[in-house]
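Grab a coffee and open the viewer: here is a short set of exercises to work through. Try each task yourself before reading its solution.

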Amino acid sequence: MNTHLLKGDTVALIASSDPLSPSDKIVVDSLVNILNSWGLITEISPLTYENDLGSFIQKAVVINHCFANKKIKAIFDISGGNMSNSLLPYLDYSLIKKNPKLFFGYSDLTAILNAIITCSDLQVELFQLKTIVWDKTGKQKELLYNLLFKGSNDLYAFDYSFVQGHAMAGIVVGGNIRCFLKLAGTRYLPNLKNKILFLESYGAERNLLFSNFHHLSQLSGFSDLAGIILGTFTQYEQTKPAENTAHLFLHSLPHYSKPLMKTNQIGHSKTSKCLFLGSSMHLTQ
């Protein structure tokens, strides 16, 4: 898969989860202006602001079209919310596999990202394009530009610390914990054996996280994981120290004995780094 873009290439902005609101148009216009300033041609899905619940099949058609269209070199999903899992039965995974290209999304897009990993055997990017507008320092914009046009991997580099164990290696899957769990019991859930599972959350409080951790532990293959990376748990960590999330995880699942790692640089933040899902990763203390 070619991960480099050239001036004159076309990229697509789509919204596969909840529709964007009219107030989001300012951010979308800013995204288009930045991408155009990089010499890219931008196509915006006509369903970006579509609020009809019946549009989910058409949203899947948009993704299929973006992968099939040879002109489109990268796809950025700029939505989030709740509804992306409705598209899963309507994605053409064979077509997607035959037309690999950059696909970026985060939060609720966790369902689609992991389905593509599982059913199309492709690597995808856990990243929200809007951060290049949200981050007023310009650093996010610089990191993404260098990734797309210069082959720099700095957007993937993140700080971490081991809470349990000293190393982990495997293919990375996961994303938002609530949205990942939507795949439980479906054919779209990745095989967890020897995988590194990344987890983050925006709105969950203690009791819900406790429940989510136990739900995860009951998935087939959980005991065969290579390890777990905990990202940011935004609202929980606004009232608790960030390291408390790892303590909550181990308190919830006292029999978990595999490596556990914490990073505060991937999740729902204006400066979140990008995680290359479906790729192999080797991390050491």
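The exercises below go from the sheets to single residues, and the model they use is a predicted one.

**Exercise 1. Work out the strand order of the sheet that holds β7, and say which strands sit at its edges.**

Step 1. Start with the order. Six strands make up this open sheet, running β6-β10-β9-β8-β7-β12, with mixed pairing.

Step 2. Now look for strands that pair on one side only: these are β6 (161–164) and β12 (280–284), the edge strands. Neighbouring strands in this sheet are turned against each other by 35° on average, ignoring direction.

Step 3. Check the β6 end. β6 and β10 run antiparallel and are joined by three bridges. To find the register, take Gln 164: its bridge partner in β10 is Leu 260.

Step 4. Add the helix. α10 (residues 244–252) packs on the sheet and touches β6, β9 (227–233) and β10. The direction of α10 makes about 130° with that of β9.

**Exercise 2. Follow strand β7: how does it pair with β12 and with β8, and how many of its residues are buried?**

Step 1. On the β12 side, the pairing is antiparallel, over five bridges. Ala 169 is the residue to click on here, as it stands opposite His 282 in β12.

Step 2. On the β8 side (residues 195–201), the strands run parallel, joined by six bridges. Ile 171 has Lys 195 of β8 as its bridge partner.

Step 3. Count the burial. Of the ten residues in β7 (167–176), seven are buried, so the strand is largely enclosed by the rest of the structure.

**Exercise 3. Do the same for the sheet that contains β1 and β2: give its strand order and its edges.**

Step 1. Six strands form this open sheet, in the order β2-β1-β3-β4-β5-β11, and the pairing is mixed.

Step 2. β2 (41–44) and β11 are the edge strands, each pairing on one side only. The average turn between neighbouring strands here is 25°, direction ignored.

Step 3. Zoom in on β1 (residues 10–14) and β2. They run parallel, with four bridges between them, and Ala 12 is matched with Glu 43 in β2.

Step 4. Helix α1 (residues 25–37) packs on this sheet, touching β1 and β2, and its direction makes about 155° with that of β2.

**Exercise 4. The structure holds four salt bridges. Take the one between Asp 108 and Lys 182: which parts of the chain does it tie together?**

Step 1. Check the distance. The closest N and O atoms of Asp 108 and Lys 182 are 2.6 Å apart.

Step 2. Place both ends. Asp 108 is in the loop between β4 and α4, while Lys 182 is in the loop between α7 (177–180) and β8, so the pair ties together parts that are 74 residues apart in sequence.

Step 3. Look at exposure. Asp 108 is buried, at 0% relative accessible area, whereas Lys 182 is partly exposed, at 24%.

Step 4. Set this beside a bridge inside a helix. Lys 25 and Asp 29 meet at 3.1 Å, N to O. Both lie in α1, four residues apart, about one turn of the helix. Lys 25 is partly exposed at 44%, and so is Asp 29 at 33%.

**Exercise 5. Ser 107 and Asp 121 have positive phi values. Where do they lie, and is each one buried or exposed?**

Step 1. Recall the background: most residues other than glycine have a negative phi.

Step 2. Take Ser 107. Its phi is near 60°, it lies in the loop between β4 (102–105) and α4 (110–120), and it is buried, with 8% relative accessible area.

Step 3. Take Asp 121. Its phi is near 55°, it lies in the loop between α4 and β5 (124–126), and it is exposed, at 60%.

**Exercise 6. Describe the surroundings of Cys 274: where does it lie, and what does it touch?**

Step 1. Cys 274 belongs to the loop between β10 (260–262) and β11 (275–277).

Step 2. With a relative accessibility of 1%, Cys 274 is under the 20% cut-off, so it counts as buried.

Step 3. Leaving out residues up to four places away in sequence, Cys 274 touches Phe 104, Glu 125, Leu 126, Phe 127, Leu 155 and Tyr 156.

Note on methods: Residues numbered from 1 in each chain as written. Predicted model: local features only at pLDDT ≥ 70, side-chain atom pairs only at ≥ 80, totals over all residues. Heavy atoms only, no water. Helix = DSSP H or I, 4+ residues; strand = E, 2+ residues; numbered from the N terminus. Buried < 20%, exposed > 50% of the residue type's maximum accessible area, 1.4 Å probe, protein only. Contact = heavy atoms within 4.5 Å. Pairing = 2+ DSSP bridges. Axes fitted to C-alpha atoms, helices over the stretch in contact; angles between N-to-C directions. Salt bridge = Lys/Arg side-chain N within 4 Å of Asp/Glu carboxyl O.
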